[in-house]
Amino acid sequence: MAVREILEIGHPTLAARAQEVEVEAIGTPEVQGWIDDLIDTMRAANGAGIAANQVGIPYRLFTVEVRGDNPRYPYKPPIPLTILINPTITFLSDETFENYEGCLSVPNLRGAVTRHLEVSVSGYDRDGTHRSFDVRGYSAGTFQHENDHLDGILFPHRVTDSRTFCSWSAFSAFRQETFADRVRQLVERWGA
Ligand code: NI
């Protein structure tokens, strides 16, 4: 287990499409070690999630976890630790919301991205079991963000109004309160 270096925007491994993991290889020490490193790195950086290619592993897996005390995202509803290998996401409705995103690979920048409110997520867990579940509400954005990484897409690529870009300190000072109110409304409606 190790905390790995996080690659930053502009690195070619972040921009490339990651490869599928061979399902038979999920139980190997190599893949299990990747998963442990992703969890350690995500937690050390206070991320809400991390994709393997963000730490230089060019394969399709990511982890997501939001604990109640995350200093980067104090308004985020909790998400239990989730590991997804070869994930797919499908949209369950056309309804969208505006999500103010940040990324461990895009230091000190936030911006508004349109995300779907209801998604179905599937993929293999670390035991090699295939799982499917639905995610509704604010948390759906987190899964879409991580899945985008595996296709070489970072949140700035999805920002349609470049005037929404801001630093983390400017976000806290000027935009977080309004945004957190909208998140609370979403969480009240959807429970996540
Ligand atoms: Ni990210």
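Is C103 buried or exposed? At 4% relative accessibility, C103 falls under the 20% cut-off, so C103 counts as buried. This is a predicted model, and C103 is a handy place to start looking around: this cysteine is one of the residues that coordinate the nickel ion. From there, the tour goes on to the strand that holds C103, a buried asparagine, the open sheet and some salt bridges.

**The nickel site**

- Three residues hold the nickel ion: C103 through SG, and H145 and H149 each through NE2, at 2.1 to 2.3 Å.
- Along the chain, those donors follow the spacing C-x41-H-x3-H.
- C103 sits in strand β4 and H145 in helix α3, so to speak on distant parts of the chain, 42 residues apart.
- Like C103, which has 4% relative accessibility, H145 is buried, at 7%.

**Strand β4 and its partner**

- Strand β4 covers residues 96-103, and 6 of its 8 residues are buried, so the rest of the structure largely encloses this strand.
- Next to β4 runs strand β5 (residues 106-116), antiparallel to it and joined to it by 7 bridges.
- To get from β4 to β5, the chain makes a hairpin through 2 residues.
- If you want one pair to look for, take F97: its bridge partner in β5 is R115.

**N99, a buried residue in β4**

- N99 also belongs to strand β4, and with a relative accessible area of 3% it is buried.
- The side chain of N99 makes a polar contact of 2.9 Å with the side chain of E101.
- Another polar contact, of 3.1 Å, joins the side chain of N99 to that of Y138.
- Leaving aside residues up to four places away in sequence, N99 touches G111, A112, V113, R115, Y138, G141 and F179.

**The open sheet and helix α2**

- Five strands make up an open sheet in the order β1-β2-β3-β6-β7, with antiparallel pairing.
- At its edges lie β1 (49-51) and β7 (130-136), each of which pairs on one side only.
- On average, neighbouring strands of this sheet are turned by 40 degrees against each other, ignoring direction.
- Helix α2 (residues 29-44) packs on the sheet and touches β1, β2 and β3, and its direction makes about 40 degrees with that of β2.
- Within the sheet, β2 (residues 61-66) and β3 (residues 79-91) pair in the antiparallel sense over 5 bridges.
- One spot to check there is V66, whose bridge partner in β3 is I79.

**Salt bridges**

- Side chains of opposite charge can pair when their charged atoms come close.
- Searching the whole structure turns up 18 salt bridges.
- One of them joins the side chains of D151 and R17, at 3.9 Å from N to O.
- D151 is in the loop between α3 (139-150) and α4 (155-158), while R17 is in the loop between α1 (12-15) and α2, so this pair ties together parts that are 134 residues apart in sequence.
- D151 is partly exposed, with a relative accessible area of 34%, whereas R17 counts as exposed at 52%.
- D151 also forms a salt bridge with R60, and here the closest N and O atoms are 2.9 Å apart.
- That second pair links distant parts of the chain too, since R60 lies in the loop between β1 and β2, 91 residues from D151 in the loop between α3 and α4.
- R60 is buried, with a relative accessible area of 5%.
- Through shared partners, salt bridges join R17, E20, R60 and D151 into one network.
- Elsewhere, the side chains of D36 and R126 meet in a salt bridge of 3.0 Å, N to O.
- D36 lies in helix α2 and R126 in the loop between β6 (118-124) and β7, so the pair ties together parts that are 90 residues apart in sequence.
- D36 is partly exposed, with a relative accessible area of 21%, and R126 is partly exposed as well, with 23%.

How values were computed: Residues are numbered from 1 along each chain as its sequence is written. This is a predicted model: local features need pLDDT of at least 70, side-chain atom pairs count only at pLDDT 80 or more; totals for chains, interfaces and linings use all residues. Side-chain values use heavy atoms; hydrogens and water are left out. Buried means under 20% relative accessible area, exposed over 50%, partly exposed in between (1.4 Å probe, protein chains only). Helices (H or I, at least four residues) and strands (E, at least two) are DSSP runs, numbered from the N terminus. Two strands pair if DSSP finds at least two bridges between them. Axes are lines fitted to C-alpha atoms, for helices over the stretch in contact, and angles run from 0 to 180 degrees between N-to-C directions. Contact means heavy atoms within 4.5 Å. A salt bridge is a side-chain nitrogen of Lys or Arg within 4 Å of a carboxyl oxygen of Asp or Glu. Donors are N, O and S atoms within 2.8 Å of the metal (3.2 Å for Na, K and Ca); water is not among the atoms, so sites may look incomplete. A polar contact is a pair of N or O atoms within 3.5 Å; within protein, one must be able to donate a hydrogen and the other to accept it, and residues adjacent in sequence count only if both atoms are side-chain atoms.
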